[in-house]
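Hi,

Here is the structure I promised to pass on to you. Have a look at it first, and then read my notes underneath.

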Amino acid sequence: MKTMLPTLLCAASLFHLFNAQTISIETCTTSDDYLCTESAGFGTPKQSLRLLVHTTDTTSWAYNASVNTDNSKFNPSASSTYQASSDQIHFTYQNMSVTVQKATDTVWISDASATHSGIGIGLTKFNITENEGVAGFLCLDRQSGIVPALRSNGSIENASISLDLANERVYFGPHTPSDINNQSNATSCSDTTNANLQVDWTFDVTIAINGAQTNADKKIRAVIDSASPYITVYARSQDIFEGFWHAVDFSANQNFNCNYSTRLCSDSGAIMSWMTVYVEDVNWNITIFQDNVLDGDYILFLYDPDRAYTVEGDTDIVLFLGRPFLDKLVVTMDYTQQTLTFFTVYETSDSLDWTVIGIVFGCVVAFAGLFFGFYYWKYGKIAPPSNHDVEEQVSLLRGPVQAVGHGPASGMAQQPTINQGSGAAFSSGVSGLDEDDDEYQHQLQQAARQSAIEAQQRRERQLREERERRQREEDEQKQMDRQRQHEQQSQAQVGGGRLGGAAVKPEDKASLRDLRLKALERQMSQEQKDQQDNK
């Protein structure tokens, strides 16, 4: 039983891990890089809405159906769970505001619902939502009741959310990235007297730009601002802000390199090279590079003159960290513990330089083509066997091959031999063949064997035709000899008989020999002519 206990505990842990209740929703990006989702909605039944995912406010809201806008809208009269309120608030974000009427209704995250949630109904147009083509905001600050409600009804296992902008996901409930490079300890939210920062995901930081700490005598806090494509800067005074901005655009005490109202830089390449954010109480940091904070010639730092986020003696500078910061990591925000945990992950293939990869791949393919082209040019050519060089005595299909050359006297060049026997190597007259290339050698052997078989068959056919031709010539010659002998006998009888004629005879042995030589020359001449005709 004791030996089974660790196994049972491990199995239970794995069961808990793979059955943890987490809701994952897909995010999207607007034309100006604001973070949005189409997986949320209000009402019963659910009315799906395209909303910005926002972590610096409490009240989620959407346009009322009466607002004159082309964006998606919420129709309260079509929801059976909608409860109106007479209270109104001003929703403010990035120097712009809209009037929102408070209400209560069901909020949907994917297919999970948080009933009796506080929402808002937008009564007028809002510049940001109009420009980005969304209906409103899904708000998830520290006081938002949506996540705790999902935890209470069992939709998720714990009251936390995780932002993974690089993979276009927001997780409700427990989540640990699979490709962690570095993880911080959980850092507690800031202890501050500023009421606005008390509801945001605020933490204490120090900032170093190009390796040197900036505004070291100032208290700096940071806030997770998921919806924003910028790092928004709030400062207690204009002087404090300008000191920080000089460090960011690397203009020292001269004229600003980047206009903080328009964000346009006269020389974008001259701004800071990197900025490191140090999370004070967990000894953890992350670095943002120049490329992360530039969009062409525009810097992705935004100045907001609102002083409501700063308090003398408490907070001098507040950085609302949007996409330039969040693209570099995954952050988990725990509603129960009021903590933040940061994860940096290994870079995926999306961040690889595909131009360089394409060039390298092209070079590899070109080199491979040249190599195999040269290899084939040098070793891959097999000369066809000649019909006049080698005469096979034993069929290649039956056993070892022997080649018999006619030799120099035949007037023909000697043909390379093919030796094949027990353990013998194949040779086709080609030197330097790669011995390790077994497949290539096998193909050469097969090709040479087939060529030799065809050559042998042609040679055997020619020999058979040659024997038949010679047999016919011999038969014809015998027939001519018999006919000539018969004529001579007939002439001899006529010349020595009753008719008084004289028989034609050679005068002597020399004449007879001459006649025989002439007949032999005629025969040889006829044979040579027949051989040429057969060729």
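**Salt bridges and cores**

Let's start with one pair of charged side chains: Arg236 and Asp316 form a salt bridge, and their closest N and O atoms are 2.7 Å apart. Arg236 sits in the loop between β16 (231–235) and α5, while Asp316 sits in the loop between β21 and β22, so this pair ties together parts that are 80 residues apart in sequence. Keep in mind that this is a predicted model.

Is each partner buried or partly exposed? Arg236 counts as partly exposed because its relative accessibility is 30%. Asp316 has a relative accessibility of 8%, so it counts as buried.

If you wonder why such pairs turn up, side chains of opposite charge can pair when their charged atoms come close. How many salt bridges does the structure hold? There are eleven.

Some of them share partners, and in that way Asp204, Lys219, Arg221, Glu280 and Asp314 are joined into one network. Arg221 is a good residue to click on here. Its side chain meets that of Asp204 in a salt bridge, at 2.5 Å from N to O. Asp204 belongs to strand β13 (residues 202–209) and Arg221 to strand β15 (residues 220–224), with their positions 17 residues apart in the chain.

Arg221 also has a salt bridge with Asp314, at 3.5 Å from N to O. This one links strand β15, where Arg221 lies, to the loop between β21 (301–303) and β22 (317–321), where you'll find Asp314, 93 residues apart. Asp314 and Arg221 are both buried. For Arg221, the relative accessibility is 4%, which is why it counts as buried.

Now for the nonpolar side of things. The largest nonpolar core has 75 residues, and Phe172, Ile224, Phe301, Phe325 and Phe342 are the ones with the most contacts inside it. Helix α5 (residues 238–249) gives this core its largest share, six residues.

Which residues does Phe301 touch, leaving aside those up to four places away in sequence? They are Ile231, Val233, Phe244, Trp245, Val248, Arg263, Met272, Met275 and Val293. Apart from the largest core lies another one, of 20 residues, including Cys28, Phe126, Cys139 and Leu302.

If you want a route through the model, try Arg236 and Asp316 to begin with, then go to the network that includes Arg221, and finish at Phe301 in the largest core.

Cheers

Technical notes
Residues numbered from 1 in each chain as written. Predicted model: local features only at pLDDT ≥ 70, side-chain atom pairs only at ≥ 80, totals over all residues. Heavy atoms only, no water. Core = buried A, V, L, I, M, F, W, Y, C linked by side-chain atoms within 4.5 Å. Buried < 20%, exposed > 50% of the residue type's maximum accessible area, 1.4 Å probe, protein only. Helix = DSSP H or I, 4+ residues; strand = E, 2+ residues; numbered from the N terminus. Contact = heavy atoms within 4.5 Å. Salt bridge = Lys/Arg side-chain N within 4 Å of Asp/Glu carboxyl O.
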